[in-house]
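Here's a structure to walk through with the sequence and the 3D view side by side. Keep both open and click on residues as they come up.

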Amino acid sequence: MTEVVQDAQLEELLQRGFRYALSLTHDEDRAADLLQDAWISMLRRGAPRHVGYLFATLRNRFFDLEKRRRLVAIEPLDAVSEHDDALAFLDQASHFAEMGTLEKALEDLRPAEREALFLAAVEGYTVREIADMTEQPKGTVSSLVQRARRKLKSWLGADRPAQDGEASA
Amino acid sequence: MKPSRQPTLRDDLRRHYGKKKLEDARLSQLLAMADVVEEPTPSSTDSEPAEDLRPSGGVGQRVWMAVLASAALVALLVVPWMRSSWQSQVSTEQLASRVAEEIAMNHSKGLDVEYATGDLAELRRHMHKLDFALVDSQRLREQGLTLVGGRYCSIQGRLAAQLSLQTADGDAVTLYQTALIDDLAGLPEHPEGTRGLRIELWNEEGVFFGLARSP
């Protein structure tokens, strides 16, 4: 994760940062504010303008603010034995598009769960890479995505009609 | 005809987030900031700066001069196309309303200061991107406001500084300063549409001031 972004690619960098911030906040206004705050911090420190620094700065500022607001809920994590299989559910059939409930389902996730899901599904990082980026154990990352999976599945299972012979997330 | 593949959760998530975009105005602001800041050099660490002036929890010293100076908002420069855009499309009243709205929004966020101090000289040392002399506002000198600290922010695409103050009753007041440019000169002092806050805009000694407080 050491892409060096040329000036012409700053716009794409910022848009990626916005989407990542949105995975944390699940609120576009807050995501824009978080991005601005992080960007100013990066510029002030003279940090390299690439995705690694931007994501790290966004993450640090988000969770630091959440801690100050005492909004970080502590939930026990489940043990996950196989980290590599933790993301396999992402490539199973999904019915969110036809149901139009993905936005609400994502709202149900904790920021850390949504973040892990975003980094895996949208940015394409592995569990190990996410663990390195977020400075968490691989087991923690795996547990987060699995919890996200269960919560999303509850949205699908509650509303959609049963389909025979169909594997779903 | 072969039926299309059932979308996966990965597909749905990518489509969902792929549609989300930072609005053009905010993107322009961030890009403009990058234009005015020196080209970054590789950093050996991505940690926050060594100095840590996090708020201690108490109110700063009762030094109004220090507050004004340290909180100084720096409008370093405006991207030329943005400047010409303002001049050709935005009236004075519209610009004042936009500036007031932005000040009110930033005030309402209640963001923590980056540098907690009541001393002007100390804050000036830390906010070293200032490119103009801070002004001790005659207008505010006798209001007995206390400095809490300051942070960088932006006003209409310009890198700016935001000062957090408190009244004697403990009410929050937010002050912005920026170098006065033509577009900001002559704005109405009490613009409309400010989220129920009291917003004041004025100029003193080559500096543009914006103040936000509860009515």
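What follows is an informal tour of the fold, one enclosed helix, a few loops, the salt bridges and a contact between chains.

**Chain A at a glance**

Bear in mind that this is a predicted model. Chain A has eight helices and zero strands, so the definition of a helix used here picks out every element in the pattern α-α-α-α-α-α-α-α. Of its 169 residues, 56% count as buried. If you take the contacts in chain A with a separation of 6 or more, 69% of them join residues 24 or more positions apart. On the outside, chain A exposes about 7800 Å², and carbon and sulfur atoms supply 46% of that area.

**An enclosed helix**

Have a look at helix α6 of chain A, which spans residues 111–121. Why is this helix described as largely enclosed by the rest of the structure? Because ten of its eleven residues are buried. The buried set takes in charged names as well as greasy ones: Glu113(A), Arg114(A) and Glu115(A) are in it, and so are Leu117(A), Phe118(A) and Leu119(A), among others. Ala120(A) and Ala121(A), also buried, come up again below.

**The end of α1 and the loop after it**

Now move to the stretch where α1 of chain A gives way to α2. Thr25(A) sits in helix α1 and is buried, with a relative accessible area of 9%. Leaving out residues up to four places away in sequence, Thr25(A) touches Arg30(A), Ala31(A), Leu34(A), Phe62(A) and Arg114(A). That last partner is one of the buried residues of α6(A).

His26(A) lies in the loop between α1 and α2. It is not a glycine, yet His26(A) has a positive phi of about 55°. Is His26(A) buried or exposed? With a relative accessible area of 16%, His26(A) is buried, because the cut-off for that class is under 20%. Asp27(A) is found in that loop too, between α1 (10–25) and α2 (28–45), but Asp27(A) is partly exposed at 33%.

Asp27(A) also belongs to a negative surface patch, together with Glu11(A), Asp29(A), Glu23(B) and Asp24(B). Going by those names, the patch draws on chain A and chain B.

Another residue with an unusual backbone angle is Glu135(A): its phi is near 55°, a positive value in a residue other than glycine. Glu135(A) is placed in the loop between α7 (127–134) and α8 (138–159) of chain A. Here the side is open, as Glu135(A) counts as exposed at 73% relative accessibility.

**Salt bridges**

How many salt bridges does a search of the whole structure find over all chains? The count is 14. Three of them are listed here.

| Pair | N to O distance |
|---|---|
| Glu12(A) and Arg19(A) | 3.3 Å |
| Arg16(A) and Glu123(A) | 2.4 Å |
| Arg198(B) and Glu200(B) | 3.1 Å |

The Arg16(A) and Glu123(A) salt bridge links distant parts of the chain, with Arg16(A) in helix α1, Glu123(A) in the loop between α6 and α7, and their positions 107 residues apart. Both of these residues are buried.

The other two pairs are mixed. Glu12(A) is partly exposed at 43% relative accessibility, whereas its partner Arg19(A) is buried at 12%. In chain B, Arg198(B) is partly exposed with a relative accessible area of 37%, while Glu200(B) is buried at 6%.

There is also a network of salt bridges to find in chain A: Arg110(A), Glu113(A), Arg147(A) and Lys151(A) are linked in it. Glu113(A) is one of the buried residues of α6(A).

**Where Arg10(B) meets chain A**

Finally, switch to chain B. Arg10(B) is found in helix α1 of that chain, residues 9–18. Which residues does Arg10(B) contact, leaving aside its neighbours within four places in sequence? They are Leu87(A), Leu90(A), Asp91(A), Ala120(A) and Ala121(A). Arg10(B) itself is buried, with a relative accessible area of 16%. Two of those partners, Ala120(A) and Ala121(A), are buried residues of α6(A), the helix that is largely enclosed by the rest of the structure.

Definitions and conventions: Residues numbered from 1 in each chain as written. Chains lettered and ligands numbered in written order. Predicted model: local features only at pLDDT ≥ 70, side-chain atom pairs only at ≥ 80, totals over all residues. Heavy atoms only, no water. Helix = DSSP H or I, 4+ residues; strand = E, 2+ residues; numbered from the N terminus. Buried < 20%, exposed > 50% of the residue type's maximum accessible area, 1.4 Å probe, protein only. Contact = heavy atoms within 4.5 Å. Patch = residues over 30% accessible without salt bridge, like charges linked within 9 Å, V, L, I, M, F, W, Y side chains within 5 Å. Areas by Shrake-Rupley, 256 points an atom, 1.4 Å probe, with all protein chains shown as cover. Salt bridge = Lys/Arg side-chain N within 4 Å of Asp/Glu carboxyl O. Lys, Arg positive; Asp, Glu negative; His and termini not counted. Charge placed at Lys NZ, Arg CZ, Asp CG, Glu CD.
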